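Q: Hey, could you walk me through this protein? I'm new to reading structures.

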Amino acid sequence: MTLERTLSIVKPDAVAKNIIGKIYDRFESVGLTIVACRMTQLSREQAEAFYEVHRQRPFYGELVEYMTSGPVVVQVLEGEDAIQTNRRVMGATNPEEAEPGTIRADFAESVQANAVHGSDGPETARSEIDFFFDEGDVCQR
């Protein structure tokens with residue numbers, strides 16, 4: 001097991017439903033620790049830059065619109081195998097395919113409005129954390 005950090009985003013649909021605390025409870029109940037967090041409203045430029053990897057995909061424009069439609073909560077999660085642990089607790093991108101008891105099975109509305117985002121690997125995690133947080137923003141716990 002490896003102590004890791006990963007980025008997580010509580011997306012606009014989940015923030016609007018006021019279920020941030022329920023989602024945080026899911027993280028903490030599987031041993032993930034929140035070491036940095038903040039609520040923010042992404043600008044179009046920020047959303048475009050963050051999702052640059054998807055620019056050529058047909059859903060890119062809708063994704064940018066959705067992610068700028070309301071506030072999000074971004075956090076850094078830390079724990080043993082945090083990336084895979086977070087991905088397991090989030091569930092499949094498509095909530096209809098997500099395992100019962102996962103965040104997306106319980107709270108997502110659709111493939112796009114799927115409540116949360118999580119980094120998919122170590123390099124992505126480092127890049128995504130750096131996108132939102134300076135090293136001084138991350139607290140040791």
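A: Happy to; we'll take the core, one surface residue and the database record in turn. Keep in mind that this is a predicted model.

Q: Cool. How many residues does the largest nonpolar core have?
A: That core has 21 residues. Among those with the most contacts inside it are Leu 7, Tyr 51, Val 76 and Phe 133.

Q: And which elements give two or more residues to it?
A: There are three strands on the list, S1 (3-10), S2 (33-40) and S3 (72-80), along with helices H3 (44-50), H4 (60-67) and H7 (122-132). Helix H4 gives the most, with five residues.

Q: You mentioned Phe 133. What does Phe 133 touch, not counting residues up to four places away in sequence?
A: Phe 133 touches Leu 7, Ala 36, Cys 37, Arg 38, Val 74, Gln 75 and Val 76. There is also a second, separate core of 19 residues, which includes Ala 14, Val 15, Ile 103 and Ala 115.

Q: Switching topic: is Glu 109 buried or exposed?
A: Glu 109 counts as exposed because its relative accessibility is 52%, and the cut-off for exposed is over 50%.

Q: Where is Glu 109 found?
A: Glu 109 is in the loop between helix H6 (103-107) and strand S4 (116-118). Leaving aside neighbours within four places in sequence, Glu 109 is in contact with Asp 13, Lys 17 and Pro 95.

Q: Last one: what does UniProt list for residues 3-140?
A: An unreviewed UniProt entry lists them as "domain: Nucleoside diphosphate kinase-like". Over residues 3-140, the chain is 40% helix and 20% strand, with the end C-alpha atoms 13 Å apart.

Definitions and conventions
Residues are numbered from 1 along each chain as its sequence is written. This is a predicted model: local features need pLDDT of at least 70, side-chain atom pairs count only at pLDDT 80 or more; totals for chains, interfaces and linings use all residues. Side-chain values use heavy atoms; hydrogens and water are left out. A nonpolar core is a set of buried Ala, Val, Leu, Ile, Met, Phe, Trp, Tyr and Cys residues joined through side-chain atoms within 4.5 Å. Buried means under 20% relative accessible area, exposed over 50%, partly exposed in between (1.4 Å probe, protein chains only). Helices (H or I, at least four residues) and strands (E, at least two) are DSSP runs, numbered from the N terminus. Contact means heavy atoms within 4.5 Å. UniProt positions are given in the numbering used here, feature names are shortened, and annotations may be inferred rather than shown by experiment.
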